[in-house]
Amino acid sequence: MGSSILSSLILFFTSSIFLFYHSNALTTALHGLQTLSFEEGYTQIFGDNNLMLLRDGKTVHISLDKHTGAGFASQDLYLHGFFSASIKLPSDYAAGVVVAFYMSNGDVYEKNHDELDFEFLGNVRGREWRLQTNVYGNGSTSVGREERYDFWFDPTEDFHQYSILWSHDRIIFYIDNIPIRQIARSEAMGGAFPSKPMSLYATIWDGSKWATLGGRYKVNYKYAPYVAEFADLILRGCAVNPMDHSLACDGPEASSHNFISMSSEQQAAMETFRRNHITYSYCYDRVRYVVPPPECKTNKETAHRYGVDGLKIGDRRQGHGRNHRNRSATSRTDAVI
């Protein structure tokens with residue numbers, strides 16, 4: 001075995017052990033959160049028979065075929081909270097397939113919506129799925145805040161937990177309770193920080209125009225149906241009255257998520273993840289932004305890892321371009337991929 005391959009394997013196993021060991025802080029902080037059945041917290045938004053409930057509604061399958069995708073959404077709007085699901089992605093050839101787990105209020109605020117995204121981008125056989133996160137606030141779709149990552153596991157072999165913590169002061173994305181990205185409210189970010197009530201969505205759809213190598217590879221319906229599985233559904237937040245936007249909770253419950261932050265161990269785990277698995281950052285994309293968005297804090301230590309297009313040096317496997325796509329019957333937005 002060559003020294004470079006051996007070094008890569010050592011780095012992979014070391015970082016995986018480190019990430020696993022330091023994933024328990026969030027688990028402890030959120031211990032006891034109950035999962036919901038589909039009927040208790042969600043409603044189907046499109047897809048007809050392409051949504052299937054199993055295990056008394058504790059597991060949800062949504063599928064994509066040549067006729068339609070599928071999706072569901074929370075029954076309530078929420079202002080802040082912790083939102084989570086265990087997800088297993090379609091296996092085999094999945095080019096062009098997009099699975100999204102995200103929060104949005106695009107159906108309420110068409111011109112100034114907020115959004116928090118996990119987007120899973122399918123690939124050709126033999127190449128792994130990619131993950132993308134994004135943040136929009138107050139209709140700021142002209143500034144995409146995408147980051148893209150590879151996985152340290154195969155997301156098609158088993159369920160893995162994907163979570164969003166959204167509080168007044170910060171947003172944290174997690175994989176298996178490991179923080180992978182944090183966005184802090186700041187004066188520089190201003191109204192681009194999501195601040196209006198949102199619903200939670202889960203969808204699967206055809207993203208052939210952009211999802212895999214900039215649209216080079218399309219969905220091949222010979223392999224359909226493509227099935228994404230969702231379980232361990234958690235909605236823990238302050239529900240909002242859709243008519244007057246009054247909170248259904250008050251006092252400590254209304255602000256409880258503001259007290260969750262990252263420990264030094266979690267911060268180190270996030271830095272390890274980002275050093276090893278981030279493949280694109282909008283903050284380093286000089287093609288899109290000659291001047292980085294104001295919340296970006298770049299430095300020479302990390303800048304040398306990225307090309308002018310924001311892709312990490314050595315990772316040229318992703319397409320890039322502006323696209324407009326329909327992700328559900330109720331949510332439509334811009335993205336740069």
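Which residues do ring pairs link into a cluster? In this predicted model, the members are Phe38, Tyr42, Phe72, Phe101 and Phe230. That cluster makes a handy way into the structure, and the search behind it took in the whole structure and turned up 19 aromatic pairs.

One of those pairs joins tyrosine 42 to phenylalanine 72. Their ring centres are 5.5 Å apart and the planes stand at 90°, so this is an edge-to-face pair. Tyrosine 42 belongs to strand E1 (residues 42-46) while phenylalanine 72 belongs to strand E4 (residues 70-74), so the pairing ties together parts of the chain that are 30 residues apart in sequence. Neither partner is out in the open: tyrosine 42 has a relative accessibility of 3%, which is under the 20% cut-off, so it counts as buried. Phenylalanine 72, at 2%, counts as buried too. Another edge-to-face pair is made by tryptophan 152 and phenylalanine 153, with ring centres 5.0 Å apart and planes at 85°. Both tryptophan 152 and phenylalanine 153 are buried.

Phe230 turns up again when the nonpolar core is considered. The largest such core holds 69 residues, and Phe120 and Phe230 are the ones with the most contacts inside it. Strand E14 (residues 226-240) gives this core its largest share, seven residues. Setting aside residues up to four places away in sequence, the neighbours that phenylalanine 230 touches include Phe72 and Phe101, both of which are also members of the ring cluster. Further along the list of contacts come Lys58, Thr59, Val60 and Ile62, then Ala85, Ser86 and Ile87, and also Val99, Phe159 and Ala202. As a general point, nonpolar side chains in soluble globular proteins tend to be buried together.

Rings also take part in a second kind of arrangement, this time with charged side chains. Arginine 148 places its charged end over the ring of tyrosine 280, 4.8 Å from the ring centre. Tyrosine 109 has lysine 196 over its face, at 5.1 Å from the centre of the ring.

Among the helices, H5 (residues 264-277) has 14 residues. From first C-alpha to last, H5 reaches 20 Å, close to the 20 Å expected at 1.5 Å a residue. Its buried residues are Gln266, Ala269, Met270, Thr272, Phe273 and His277. These cover an arc of only 160° around the axis, so they sit on the same side of H5.

A few spots in the loops have backbone geometry worth a look. The peptide bond running from alanine 224 to proline 225 is cis, with omega near 0°. Proline 225 itself lies in the loop between strand E13 (199-206) and E14, the strand that supplies the largest share of the core. Two other residues have a positive phi although they are not glycines: aspartate 48, at about 50°, and asparagine 177, at about 70°. Aspartate 48 is found in the loop between E1 and strand E2 (51-54), whereas asparagine 177 is in the loop between strand E11 (170-175) and strand E12 (178-184). Their surroundings contrast as well. Aspartate 48 is exposed, with a relative accessible area of 66%, but asparagine 177 counts as buried at 13% relative accessibility.

Methods: Residues numbered from 1 in each chain as written. Predicted model: local features only at pLDDT ≥ 70, side-chain atom pairs only at ≥ 80, totals over all residues. Heavy atoms only, no water. Core = buried A, V, L, I, M, F, W, Y, C linked by side-chain atoms within 4.5 Å. Buried < 20%, exposed > 50% of the residue type's maximum accessible area, 1.4 Å probe, protein only. Helix = DSSP H or I, 4+ residues; strand = E, 2+ residues; numbered from the N terminus. Contact = heavy atoms within 4.5 Å. Expected span 1.5 Å × (residues − 1). Arc of directions from axis to C-beta. Phe/Tyr/Trp six-rings, centres within 6.5 Å; stacked < 30°, edge-to-face > 60°. Lys NZ or Arg CZ within 6 Å of the ring centre and 35° of its normal.
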